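Colleague: I'd like to learn how to read a model like this one, feature by feature. Can we go through it together?

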Amino acid sequence: MKYFFSAGEASGDIHAAAVMRELRAIDPEAQFMFLGGDEMAAAAGHAPVIHYSRMAFMGFIDVARHLPQVLGNLRRAKEAVAEFSPDIFIPVDYPSFNLRLADYAHGRGIPVHYFIAPKLWAWKEYRIKKMRRCVDRIYSILPFEPQWFGERGVAVDYVGNPSVEEVREALCHLDGDEAFRREHGLDSRPILAIVPGSRVGEIKANLPVMHAVARRHPGVQPLIAGAPAIDPELYASMSDIPVIHASTLQLMAVARAALVTSGTASLESALAGAPQVVCYRSIGSPIAHDLFMHILKIPYVSLPNLVGGDTDRETRRRVNAEVKRSGVRRDIVPEMLMHHCSVDEVDRQLSPLLSDTPERKAQLDGYARVAARLSTPAPAAATTARLIYGSLS
């Protein structure tokens with residue numbers, strides 16, 4: 001069979017590569033064409049049509065500034081779909097780009113099976129119309145999604161969350177705290193993991209705040225988790241904190257606490273057992289914050305809170321009232337968003353997590369709830385590959 005995958009950022013590259021390896025195991029004749037990164041290239045045995053480092057633009061302004069490149073990428077991707085003529089097209093998250101490409105594939109009569117659904121339950125619900133039109137099936141990685149998409153007329157299977165298996169695998173290869181410290185030349189002080197995102201825009205917005213917070217705690221040693229395909233000079237231009245690469249999950253596992261930009265990394269931090277403060281700063285304006293909260297359809301933005309907490313309308317009302325009072329949005333982990341993602345406010349949430357406090361214990365107890373809700377009999381990649389192959393047999 002011929003499979004065309006499209007992933008536009010680092011986490012999608014990792015998750016899609018795992019599915020490609022599982023497909024290869026059950027379909028030895030599998031042929032892959034893809035947009036993605038180095039992990040997918042290793043799984044396929046050849047380079048991507050477009051590397052995700054040329055696709056990872058964040059937000060309206062970033063996309064507008066790079067519009068010629070975005071349109072060029074879409075044109076080249078459509079050409080690749082037409083040339084390869086796959087048996088199935090598998091977009092992986094990254095909805096602004098992938099839904100356009102899915103629409104094109106659907107128009108050519110190619111089945112579209114979406115792996116890692118766009119978060120339409122959070123914002124841009126209007127995109128559900130396009131998904132109903134051009135997506136044949138969704139493979140969901142969040143346990144509350146099947147009901148939401150199913151009620152809106154899209155066929156969906158919950159396959160489990162790939163981060164569960166990825167964290168478990170990473171921890172199996174971790175030789176322990178002391179070995180990690182020796183490998184990276186660290187002393188005995190507690191480690192603070194700084195995970196500022198995988199895209200340039202995220203890093204520029206969040207790393208300066210994280211750096212300033214870390215420097216308030218000389219009793220800990222901070223380490224920045226370097227993202228794939230990010231120029232090391234970007235980190236050096238904003239911080240003198242050491243950067244480690246290809247070891248994010250291990251770093252989280254040995255860290256006393258973490259500062260994490262909202263996204264997949266917040267869930268990985270929970271599964272690895274690192275108490276965290278979730279940070280998301282783009283425009284540090286109260287007006288931008290209020291607009292963001294008005295658009296948001298859910299009470300939280302971080303995956304630990306969404307998976308482990310309650311997301312009903314009454315919860316949203318209560319959380320919004322609490323935010324107005326204290327500026328803090330939390331269920332399991334505190335979310336410091338927009339102008340609340342300031343050095344003082346983030347530090348206020350981090351400090352209790354560095355000691356054996358009720359706040360630290362509450363997070364760790366909440367993490368157990370998250371892990372239980374994500375539990376499935378088989379790994380997500382294996383289940384997804386089985387369903388994709390079965391749909392073509």
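Modeller: Sure, and let's begin with accessibility: buried means under 20% relative accessible area, exposed over 50%, and partly exposed in between, using a 1.4 Å probe and protein chains only. Before we apply that, note that this is a predicted model, where local features need pLDDT of at least 70, side-chain atom pairs count only at pLDDT 80 or more, and totals for chains, interfaces and linings use all residues. Residues are numbered from 1 along each chain as its sequence is written, and side-chain values use heavy atoms, with hydrogens and water left out.

Colleague: Fine. Is R152 buried, exposed or partly exposed?

Modeller: R152 has a relative accessible area of 23%, so it counts as partly exposed. E151 reaches 56% and is therefore exposed.

Colleague: Which residue forms a salt bridge with R152?

Modeller: First the rule: a salt bridge is a side-chain nitrogen of Lys or Arg within 4 Å of a carboxyl oxygen of Asp or Glu. For R152 the partner is E151, with the closest N and O atoms 3.7 Å apart. By this rule the count comes to 18 salt bridges.

Colleague: What does R152 sit over?

Modeller: A charge sits over a ring if NZ of Lys or CZ of Arg is within 6 Å of the ring centre and within 35 degrees of the ring normal. The charged end of R152 is over the ring of W148, 3.9 Å from its centre. Another case is K2, which lies over the face of F84 at 4.8 Å from the ring centre.

Colleague: And which residue forms an aromatic pair with W148?

Modeller: Rings of Phe, Tyr and Trp (its six-membered ring) pair if their centres lie within 6.5 Å; planes under 30 degrees apart are stacked, over 60 edge-to-face, and the rest tilted. A search of the whole structure gives 7 aromatic pairs. In one of them, W148 meets F149 edge-to-face, at 4.9 Å centre to centre with 75° between the planes. Both W148 and F149 are buried. Elsewhere, ring pairs join Y3, F5 and F32 into a cluster.

Colleague: Back to salt bridges. Which parts of the chain does the one between D157 and R137 link?

Modeller: Helices (H or I, at least four residues) and strands (E, at least two) are DSSP runs, numbered from the N terminus. The side chains of D157 and R137 meet at 2.4 Å, N to O. D157 is in strand β6 (residues 156-158) and R137 in strand β5 (residues 137-140), 20 residues apart. R137 is partly exposed because its relative accessible area is 28%.

Colleague: What does the salt bridge between D356 and R256 tie together?

Modeller: There the closest N and O atoms are 2.8 Å apart. D356 lies in the loop between α17 (343-350) and α18 (358-374), and R256 in the loop between α12 (248-254) and β10 (257-261), so the pair ties together parts that are 100 residues apart in sequence. D356 is exposed at 71% relative accessible area, while R256 is partly exposed at 23%. Salt bridges can also share partners, and those that do join E9, R199 and E202 into one network.

Colleague: How far from R127 is the nearest side chain of opposite charge?

Modeller: For charge, Lys and Arg count as positive and Asp and Glu as negative; His and the chain ends are not counted. R127 is buried yet has no salt bridge, and the nearest side chain of opposite charge, D93, is 8.0 Å away. R127 sits in the loop between β4 (113-115) and α6 (128-134).

Colleague: What does R127 touch, then?

Modeller: Contact means heavy atoms within 4.5 Å. Not counting residues up to four places away in sequence, R127 touches P95, S96, L99 and L120.

Colleague: Last one: which residues in the largest nonpolar core touch the most other members?

Modeller: A nonpolar core is a set of buried Ala, Val, Leu, Ile, Met, Phe, Trp, Tyr and Cys residues joined through side-chain atoms within 4.5 Å. The largest has 77 residues, and Y3, F5, L35, F115, M131, I138 and F149 touch the most other members. Helix α1 (residues 10-26) gives the most to this core, with 6 residues. Apart from it lies another core, of 25 residues, among them I194, V209, M210 and V277.
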